[in-house]
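Reader: I'm new to this one and I'd like to know where the labels come from. Could you show me the structure and then let me ask about them?

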Amino acid sequence: MIKLQEQAIEVLNNNWTGSFSIPCANLYPFQWKWDSGFIAIGFAHFDMPKAEKEISTLLDAQWENGFIPHIVFHTENDSYFPGASFHRSDLHPLASKKYKSTGMVQPPVTGFVLEEMYKVSNNKEASLKYIASVIDKVYFNHEYFYKNRDPQNEGLVYIYHNWESGTDNSPIWDDIFETMDSPDYTFERRDTTHVDAAQRPSKREYDHYLHIIEIAKEHNYSDEKIAELSPFLVQDPLFNTMLIKSNESLIALYKLIGGNNDKIEQLEKWQEKSKKSFNNKLYDEELGAYIHYDLRNEKPLRHVSSSSFSPLFAGIPSNERAQKMVTVMMDKFGNENQYLCASFDPTSNRFNPKKYWRGPVWINLNWILYNGLKAYGFKDIAARVKQDTIDMIEKNGFYEYFDSRKEMHTDGKAGYGGNHFSWSAALLIDMLKN
Ligand code: GLC
């Protein structure tokens, strides 16, 4: 275990650039929003200055309207498509003048990451001082979401692109792409020069990804226009869970800092409304799980994925509902031939255990589930998620994602995508200490 931890530290140190971390070499050469949060949790255990710098660098790229982008293009690098010149964040009048970025977001993890850093810190006073110096930026980001991403004033925010979800090519998006008539673009991908195409999204999926961005760009990334016109407009349970969890952390941290009563009050209001709508709208009784909602076409997307169980992490379901969800999780995802937790329902015909978010296990979702299960008292299942995570990494290395079928893990080749992947290392460090 000590050895595994040392290897994880080495992965993180190698992906550190001096002011932020890359998710992994070649495939992802910039700073990604939710990656930076998970990475900071890992660094917090052995190098707090790096953890703090990671977050400060991300927050430095915040726009004047509170928006924090999904990718910050700190450097010129043509090994990634689509890069800065495709995304054109400069089209938005309030975009950062200092950094080029995408014009979309990623799950808002930063709030709860700050609280995790505080918990881990052995110099609470210094940590709280650091947190006090950045927390308003995170609050401003939440305000951006509630003001601009909730057109029906429900307390649930939408995402307008599958890349905003973090679960890029989940089979859930198939339902939406069927409603779209995307052009057949000509472009040169870079991801498939680094990784086997069988493990990555298809060309047709990329057409849809680009098409949604083209529509947003036509309107200079105006939130209002996107809400009105984007063919992709989804209320995602994972994304909203991250926001709710982060709200909770901001409340706790503001209380420690003292003052800020207006912000605490506002956060509490958001929190109450968000949780209520989440439970009313995103829970599917029949499936026994939380699901996505297609706001553009006004219909639930009735698929079970690892995101379906993430609300455990933010204390959203009642105990009774949590029990039901865990039963569903173990029935569908948890038999003895499977590692926990596949990213998509292994009993569905859309399941593909090799292809990115269409089935493989991802360590960040395992970390979220591990903590959520523990919080609700499902100690044995939480312990299994932890042990499965350790096993997969020990057998294969610090990969980006892993085959969920145990039978594939006999020759050390069941890790897919990028290797030496930062958040796999960072969150393993945290789980080993926990
Ligand atoms: C992929 C993942 C996304 C992650 C990014 C960088 O796009 O789907 O969640 O943030 O890689 O690691």
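Author: What follows is a short chat about the ligand and some aromatic rings in this predicted model.

Reader: Let's start with the ligand. Which residues are around the ligand?

Author: Among them are Tyr28, Asp35, Gly166, Asp168 and Trp357. The shell divides into eight nonpolar, two polar and two charged residues.

Reader: What makes the pair of Tyr28 and the ligand a polar contact?

Author: A polar side-chain atom of Tyr28 lies 3.3 Å from an oxygen atom of the ligand. The cut-off for N or O atoms is within 3.5 Å, so this pair counts.

Reader: And how do you know that Gly166 and Trp357 make polar contacts too?

Author: Same kind of check. For Gly166, a backbone N or O atom is 2.7 Å from a ligand oxygen atom. For Trp357, a polar side-chain atom is 2.8 Å from an oxygen atom of the ligand. Both values are within 3.5 Å, so both count. Taken alone, the ligand exposes 300 Å², and the protein buries 98% of that.

Reader: Where does the ligand sit?

Author: In the largest cavity.

Reader: Now the rings. How many aromatic pairs are there?

Author: The count comes to 41. One of them is Phe43 with Phe46.

Reader: Why is the pair of Phe43 and Phe46 called tilted?

Author: The centres are 5.5 Å apart, which is within 6.5 Å, so the rings pair. The planes make 50 degrees, neither under 30 nor over 60, so the pair is tilted.

Reader: What about Trp173 and Phe232?

Author: Their centres are 5.2 Å apart and their planes are at 55 degrees, so that pair is tilted as well.

Reader: Is Phe43 buried or exposed?

Author: Its relative accessible area is 0%, which is under 20%, so Phe43 is buried. Phe46 has 30%, between 20% and 50%, so Phe46 is partly exposed.

Methods
Residues numbered from 1 in each chain as written. Predicted model: local features only at pLDDT ≥ 70, side-chain atom pairs only at ≥ 80, totals over all residues. Heavy atoms only, no water. Near = heavy atom within 4 Å. Polar contact = N/O pair within 3.5 Å; in protein donor to acceptor, adjacent residues only side chain to side chain. Areas by Shrake-Rupley, 256 points an atom, 1.4 Å probe, with all protein chains shown as cover. 1 Å grid on protein atoms, 1.4 Å probe; cavity = no way out; pocket = protein on both sides within 12 Å on 5 of 7 lines; lining within 4 Å. Sits in = over half its atoms within 2 Å of the grid points. Nonpolar A, V, L, I, M, F, W, Y, C, P; charged D, E, K, R; others polar. Phe/Tyr/Trp six-rings, centres within 6.5 Å; stacked < 30°, edge-to-face > 60°. Buried < 20%, exposed > 50% of the residue type's maximum accessible area, 1.4 Å probe, protein only.
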